[in-house]
Amino acid sequence: MKKSKLSRRITWRVIGIMSFFNVLIIGAIIAFVLMFSLANGSMRGQYVTDGIASNVETMFRLAKTVTFNNRTDIEAHLDSPEQVFDALERIIKLNKGLAGCFVAFEPDYFKGQGRWFEAYAYHADSTHIESRQIGSPQHDYFNGAWYQQGLSLERNDNGYLTDLYYDGTVNSGMFCSYVIPIFDRQGQKIGVYGVDLSLKMLNTAIDEAMRNVRKEFYVDTPSDISSDDEIYFSIQIIDSKGNRIAGSDSLDISMLKAKQELVDVELDMKDLKGTPYYVNTTQLGNTGWTLVVFQHHELVYTWGIILAIFIGLCMGIGAIIIFFFTSRSIRRAMQPLAFLSESAQEVAKGNFDASLPTFRHHDEVAQLRDSFGTMQQSLKQYVEELKASTAAKASIESELNVAHGIQMSMIPKSFPAFPNRKDIELYASLTPAKAVGGDLYDFFIHNEKLFFCIGDVSGKGVPASLVMAVSRTLFRNITAHTDKPRHIVETMNANICEGNDSCMFVTLFVGVFDLQTGHLRYCNAGHESPYVHDTMLPCDSNLPVGIMPGYEYSEQEADITPGMTLFLYTDGLTEAESGKRELFGRERVNDVISDFSGSPQQLIETMTGAVHQFVGDTEQSDDLTMLAFKYNGSLSMR
């Protein structure tokens, strides 16, 4: 069962990874096929719009060219109606692509022809050309937009192309006209000359495009582009008013009007009568007409989807076959691990002498067995070494605890320090970064003088604690014979420098305070300058103790008035680090001291709280020591 579970877990993990990448590959192929289908649909729509637009614009260019090229000939034959008809017939005879051409004159231009005279020539059939005068009260062209627009133009202006309109005067049907003004020999406007284009010509261009679509893009599809239920492909021309003027009328014209604001978007999904279509559009010259090609989404995607499904099925079947053989191979390969697992369980129970299986093949499993055997022997040795190291560590921790107790017993820690005295209040604290530390402080009163010191030994741990003990002992011994801070520090320097092979040193501040007069004498050996009330006490730059034998230290003096507090500290205060590696710094020390007016104990407790709030959960990096005393004045001074 264990072998079965292990092989099944690995098999399903492999199958999962293979399935994930197989799905990615299939998805990428399907996306590529669909993108290709979409690009092909875009190409097809653009091909059709470009072809039809080219044909229609060719018709418009023909109308413009014929109109401008023959205006001079018309203007040269304005002496009689017969000359006008002859000129129009020559034009229509040479341009079989035109539905007709005409000249409409201003009222009463030809005497005897009446108010309305519009000469018109057209193709009666494929072989005959006829001409006639079509102006009349019923065909009052003076009020026609085409006539008024054409008459408003100048000679050098482009002509005017009308929207599509119905005309039943000669050949009933839908037409559009291209018109320009004509002038007499004196340069006066006398009418409008133009040519007619038939809607049949536009439908012919669209039909030709539909045939090309069937021929070039639908070889493998049903022969009909449209069915009874769906319109798969449609071409329409829409005028400037949004009305369909040519092409298939199978799609809802009202829907086309609703989508006019989107005609400039190439190949954008639209919804016509609930059916999604892709749309290609283009503007036809300067006409204000829009050519629209609609393609049903099935026409765009059907063959791409079929191809994607086929590829997906092939890859899925292939994946199933691969999964089958992969699972069998994994189960067979995992059998040796079952035997090794049983041996491992014996070792886990503590039986380090349990026998391990042997394998015929020297593959990774055999290497694992050899490594497991090596680990088995290493575990036996490690357990023995761990027992010994655990006992040694316990002994060291016990000794460190004893050392911590001895070190802390060497410094005064009973407060209030002088309960029977009213002239001074003193409080101090020492918090080592490790079990034992290198900071020290000490104080005592002798002959109405307060002897005190604070120091910081270089380094941390046991070496620093030994130097700290020596420094404190020296301070006590030397102050029994002298009350000069300079002599105290110089004597301590001489003793610590002697035999100082480890080159350790102590920053030290020693002070002797006269409780009768409030006079302070002090010597600073490279230590942090203390505060008197909210002002830093001036200190000379002397070397720390233990660096240079025979160094001469300077001694300084100051007067402490009643009510003032002297605050001393080690660099563990200013260099306390937060989680962002920012230092507590002197500015924060100043902030606490400047706003404080309580007892020394309250000052140190407030400072300690500020440091803890600043560093948060960050591990303490250095010993933190503070000492403060407040001078209340002697009885004689009161």
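1. In the classification used for this note, Ala, Val, Leu, Ile, Met, Phe, Trp, Tyr, Cys and Pro count as nonpolar, Asp, Glu, Lys and Arg as charged, and the others, Gly among them, as polar. On that basis the lining of the second largest cavity, in what is a predicted model, comprises four nonpolar, one polar and two charged residues. The residues that line this cavity are A99, Y120, D167, V170, N171, F175 and D196, and the volume of the cavity is about 50 Å³. The search covered the whole structure and found two cavities of 30 Å³ or more.

2. As to the overall make-up, the chain holds twelve helices and 22 strands, and 43% of its 638 residues count as buried. Among the contacts in the chain with a separation of 6 or more, 64% are made by residues 24 or more positions apart.

3. An open sheet is built from five strands in the order β13-β22-β21-β18-β19, and the pairing is antiparallel. Its edges are formed by β13 (424-431) and β19 (535-536), each of which pairs on one side only. Within this sheet, the antiparallel pairing of β18 (residues 531-532) with β21 (residues 565-569) extends over two bridges, and V532 stands opposite L566 in β21.

4. Helix α12, which spans residues 600-615, lies across β13, β21 and β22 (624-631), and the helix runs at about 150° to β22.

5. Strand β17 (residues 519-525) is joined to β20 by four bridges, and the two strands run antiparallel; one residue of β17, R521, has E557 as its bridge partner in β20. The two faces of β20 (residues 556-559) can be told apart, since Q556 and A558 belong to the covered face, whereas E557 and D559 belong to the uncovered one. In a regular strand the side chains alternate between the two faces of the sheet.

6. Is R8 to be described as buried, exposed or partly exposed? Its relative accessibility is 43%, and R8 therefore counts as partly exposed, because that class lies between the limits of under 20% for buried and over 50% for exposed. R8 is located in helix α1, which covers residues 2-75. Although R8 and R328 are 320 residues apart along the chain, their C-alpha atoms are separated by 10.0 Å.

Notes:
Residues numbered from 1 in each chain as written. Predicted model: local features only at pLDDT ≥ 70, side-chain atom pairs only at ≥ 80, totals over all residues. Heavy atoms only, no water. Pairing = 2+ DSSP bridges. Contact = heavy atoms within 4.5 Å. Axes fitted to C-alpha atoms, helices over the stretch in contact; angles between N-to-C directions. Buried < 20%, exposed > 50% of the residue type's maximum accessible area, 1.4 Å probe, protein only. 1 Å grid on protein atoms, 1.4 Å probe; cavity = no way out; pocket = protein on both sides within 12 Å on 5 of 7 lines; lining within 4 Å. Points joined across faces, edges and corners; volume = space filled by probe spheres on them.
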